[in-house]
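Visitor: I am new to this structure. Please walk me through the labels and the reasons behind them.

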Amino acid sequence: MERSLETQVSQAIDAWLRWLPRWEPATHRGRLAPCRRCFGSPVLSAAGLGSDVPHGVQHGLSTRVKTIVDHAVAVYTARNLPMLQGELDQQAARNRARTYRPAEGLEPEYEGLPLDPEPQPGAPFLFTIAELAQQVDADVPELPALSDDAKAALRQEVGLADDYANLVGREVCTLLLRHRLRIQSAITQYVEPQIESMLEELSRSLDSPFDPGDPPLHRGERDQ
């Protein structure tokens, strides 16, 4: 039996809350481009996760909620949009033909993120995971071309699917409002202490830029 949308949202929150105690602040250099899934997300707004919450924490929740919306749209499409479903089936078969699929099967916390880190100036990569995946894609045959009438019909069905996704998304956001208190409680318990610890460590390093064990500098050494 299909689970209700309310049950799915509650279970997604439960799964995120079980993961959250394992979250740790990233120590590597941050990305320059904002995450398309999380930046300005109404889902995160409904959950009460503002811009002051680290992206890794946001992404783990937004991805789980996106899975709920995607599943609802997939069921709707299979039942009501035969042309779009046919295109999706062909695309799925094409994807299965690829021998290298690095973006599939990832945990929710990593799904949808770029496959490679930001390049550093003057230090180009010998190869990237994204380039390897693109090379494999080039060997897979393209989908057959559609007639103009078929394209128009497909655009209409895509529009219907988008409208349904927006409908489900709004309902999901309404359901998320009921979980705000326990979401905020978890942020207070698991996230804020780690952020405060990082700020304290940064403050200490700024106040004492030199190792306390280092010998004091003489006047001439200071002036150099």
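Guide: Start with two cysteines. The sulfur of C35 has its closest cysteine sulfur in C38, at 3.8 Å, too far for a bond. This is a predicted model, so the distances come from predicted coordinates.

Visitor: How do you know that 3.8 Å is too far for C38 to bond with C35?

Guide: A disulfide needs two cysteine sulfur atoms within 2.5 Å. The sulfur of C38 is 3.8 Å from that of C35, its closest cysteine sulfur, so the pair fails the rule. The count of disulfides is zero.

Visitor: Why is C35 called buried?

Guide: Buried means under 20% relative accessible area. C35 has 15%, so C35 is buried. C38 has 6%, so C38 is buried too.

Visitor: How much of the protein counts as buried?

Guide: The figure is 27% of the 224 residues.

Visitor: What secondary structure does the protein have?

Guide: There are eight helices and zero strands. From the N terminus on, the order of elements is α-α-α-α-α-α-α-α.

Visitor: How are two packed helices described?

Guide: By the angle between their axes and the distance between those axes. Take helix α3, residues 55-80, and helix α6, residues 148-176. Their axes come within 9 Å and cross at roughly 140 degrees.

Visitor: Why is α3 called oblique to α6?

Guide: Roughly antiparallel needs an angle over 145 degrees, and roughly perpendicular runs from 65 to 115. The angle here is roughly 140 degrees. That value fits neither class, so α3 is oblique to α6. The crossing of the two is right-handed.

Visitor: Which residues of α3 and α6 meet?

Guide: From α3 come V65, I68, V69, A72, V73, Y76 and T77. From α6 come L160, A161, Y164, A165, V168, G169, V172 and L176. By class, this contact has 13 nonpolar, two polar and no charged residues.

Visitor: What makes α1 and α6 oblique to each other?

Guide: Helix α1, residues 5-19, packs against α6 at about 60 degrees, with the axes 10 Å apart. Roughly parallel needs under 35 degrees, and roughly perpendicular starts at 65. About 60 degrees fits neither, so α1 and α6 are oblique. Their crossing is right-handed. On the α1 side, L5, E6, V9 and I13 make the contact. On the α6 side, V168, E171, V172, L175 and L176 do. By class, that is seven nonpolar, no polar and two charged residues.

Visitor: Why does R64 count as buried?

Guide: R64 is found in helix α3. Its relative accessibility is 13%, under the 20% cut-off, so R64 counts as buried. Leaving aside neighbours within four places in sequence, R64 is in contact with A12, A15, W16, W19, P108 and E109.

Visitor: How far apart are R64 and W16 in sequence and in space?

Guide: They are 48 residues apart in sequence and 7.8 Å apart in space, C-alpha to C-alpha. Across the protein, take contacts between residues at least 6 apart in sequence: 81% join residues at least 24 apart.

Visitor: What makes R94 buried?

Guide: R94 lies in helix α4, residues 82-97. Its relative accessibility is 14%, and buried means under 20%, so R94 is buried. Not counting residues up to four places away in sequence, R94 touches D137, V140, P141, E142 and L143.

Note on methods: Residues numbered from 1 in each chain as written. Predicted model: local features only at pLDDT ≥ 70, side-chain atom pairs only at ≥ 80, totals over all residues. Heavy atoms only, no water. Axes fitted to C-alpha atoms, helices over the stretch in contact; angles between N-to-C directions. Helix = DSSP H or I, 4+ residues; strand = E, 2+ residues; numbered from the N terminus. Left-handed = near helix turned anticlockwise from the far one by under 90°. Contact = heavy atoms within 4.5 Å. Nonpolar A, V, L, I, M, F, W, Y, C, P; charged D, E, K, R; others polar. Buried < 20%, exposed > 50% of the residue type's maximum accessible area, 1.4 Å probe, protein only.
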